[in-house]
Amino acid sequence: MNLKFSVKIYILLLLCLSIIIGINVVSNWQFAKVKGGITKTGVLQTVLHNHRNSDMMHDALRANVLTALLEAEQKQLQNEKTLAENASRHAKRFREALAANRTLAPQLNEKASGKLTEIEASFPRYIQSAETIISLAFKDLPAAHQQRSAFMENCETLQKKMDEFNNLIEGDVAHEEGTTRAHIEFFAMLASIPVLLLTIVALVTVSIMIIRSITIPLSHVTHLLNANSEQVSGTSAHL
């Protein structure tokens, strides 16, 4: 079937339009993935920020305890109130950071959420142990020293759990960032396809039009030459 040039162009345009619509559907789906990945990464970054704050408070409480023991040995009793206030402030910030992550726990994977629960379970024992030693240090230093080994054990146990939680969240952040980056690259590739298709259609159309602008006059000239040739041949035959 010999179709007109304009019909062929319309068919080509319709084909490209169908492809573009299909790409648009896939692009919307891909964009939703990108958006979800960015949101998830933001949540994980917030969790990591809160966790690092709690880790700093964990270290600050340990420093409070060791400072209390040292100053009690040096008979610097005037610092007892300041140390107790500092420990109370650090414990409060520690508690707030854990509470902030608890609100985000539903968005964490099961393993990370479980590790956060373990940290929360160890937290009260660590705080109580720290407050007990700071309180005893300026009243009964030998008794405070007896509590030190238990405190350090609680400190190390909690630190181990916090390090494991930190590694889990950092791993999730790296995974989400990598996945989101891949989705963005794929989305960018999809976005370039319609432009490429339209460019190809435009080039093909222009090329065909240029070719036709050359071939049609040539065909017309050839037709005229053939007609003249036939006329001359006919005249010669009559003669």
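**Exercise 1. Classify Leu17: buried, partly exposed or exposed?**

Solution. Leu17 has 45% relative accessibility, so it counts as partly exposed. The cut-offs are under 20% for buried and over 50% for exposed. This is a predicted model, and the values here are computed from it. Next, place the residue: Leu17 sits in helix α1. Then look at its company. Leu17 joins Leu14, Ile21 and Val25 in a nonpolar surface patch. Together the four residues offer about 390 Å² of accessible area.

**Exercise 2. Describe the overall build of the chain. How many helices and strands does the chain have?**

Solution. Count the elements: four helices and zero strands. In sequence order the pattern reads α-α-α-α. Now take burial. Of 239 residues, 31% count as buried. Then take the surface. The chain exposes about 14900 Å², and carbon and sulfur atoms supply 62% of that area. Last, check the contacts. Consider those between residues at least 6 apart in sequence: 84% of them join residues at least 24 apart.

**Exercise 3. Find the centre of the largest nonpolar core. Which members touch the most other members?**

Solution. The core holds 39 residues. Phe94, Tyr126, Phe165 and Ile169 touch the most other members. Next, ask where the core comes from. The elements giving two or more residues to it are α1 (5-73), α2 (80-104), α3 (110-137) and α4 (141-238). Now zoom in on Tyr126. Leaving out residues up to four places away in sequence, Tyr126 touches His58, Leu61, Arg62, Phe94, Phe151, Asn154, Cys155 and Leu158. Tyr126 itself is at 0% relative accessibility, so it counts as buried.

**Exercise 4. Classify the aromatic pairs. How many does a search of the whole structure find?**

Solution. The search finds two. Two values describe such a pair: the distance of the centres and the angle of the planes.

Step one: Phe94 and Phe123. Their ring centres are 4.7 Å apart and their planes stand at 70°, so the pair is edge-to-face. The cut-off for that class is over 60 degrees. Phe94 belongs to helix α2 and Phe123 to helix α3, 29 residues apart, and the pair links these distant parts of the chain. Both partners are buried: Phe94 has a relative accessible area of 0%, and Phe123 has 7% relative accessibility.

Step two: Tyr126 and Phe151. Here the centres are 5.2 Å apart with 15° between the planes, and the pair is stacked. Tyr126 is in helix α3 and Phe151 in helix α4, so the pair ties together parts 25 residues apart in sequence. Phe151 is at 0% relative accessibility and counts as buried.

**Exercise 5. Trace the salt bridges. Which helices do the Glu170–Arg52 and Arg102–Glu120 pairs join?**

Solution. The whole structure has seven salt bridges. Start with Glu170 and Arg52, whose side chains meet at 2.8 Å, N to O. Glu170 lies in helix α4 and Arg52 in helix α1, so this bridge ties together parts 118 residues apart in sequence. Glu170 is partly exposed at 32% relative accessibility. Arg52 is partly exposed at 42%.

Now take Arg102 and Glu120. Their closest N and O atoms are 2.8 Å apart. The pair links helix α2, which holds Arg102, to helix α3, which holds Glu120, 18 residues apart. Arg102 is partly exposed, with a relative accessible area of 31%. Glu120 is partly exposed as well, at 23%.

**Exercise 6. Work out the setting of the Lys115–Glu118 bridge. What network does this bridge belong to?**

Solution. The two side chains form a salt bridge at 3.2 Å, N to O. Check the spacing. Lys115 and Glu118 are three residues apart in helix α3, so about one helical turn separates them. Check burial. Lys115 is buried, with a relative accessible area of 15%, whereas Glu118 is partly exposed at 33% relative accessibility. Now extend the search. Salt bridges with shared partners join Lys115, Glu118 and Glu164 into one network.

**Exercise 7. Place Leu70 and relate it to Ala137. What separation do their C-alpha atoms have?**

Solution. Leu70 is in helix α1. At 45% relative accessibility, Leu70 counts as partly exposed. Leu70 and Ala137 are 67 residues apart along the chain, and their C-alpha atoms are separated by 8.8 Å.

Technical notes:
Residues are numbered from 1 along each chain as its sequence is written. This is a predicted model: local features need pLDDT of at least 70, side-chain atom pairs count only at pLDDT 80 or more; totals for chains, interfaces and linings use all residues. Side-chain values use heavy atoms; hydrogens and water are left out. A nonpolar core is a set of buried Ala, Val, Leu, Ile, Met, Phe, Trp, Tyr and Cys residues joined through side-chain atoms within 4.5 Å. Buried means under 20% relative accessible area, exposed over 50%, partly exposed in between (1.4 Å probe, protein chains only). Contact means heavy atoms within 4.5 Å. Patches are made of residues with over 30% relative accessible area and no salt bridge: like charges are joined within 9 Å, nonpolar side chains (Val, Leu, Ile, Met, Phe, Trp, Tyr) within 5 Å. Accessible areas come from the Shrake-Rupley method with a 1.4 Å probe; for residues, only the protein chains shown count as cover. Rings of Phe, Tyr and Trp (its six-membered ring) pair if their centres lie within 6.5 Å; planes under 30 degrees apart count as stacked, over 60 as edge-to-face and the rest as tilted.
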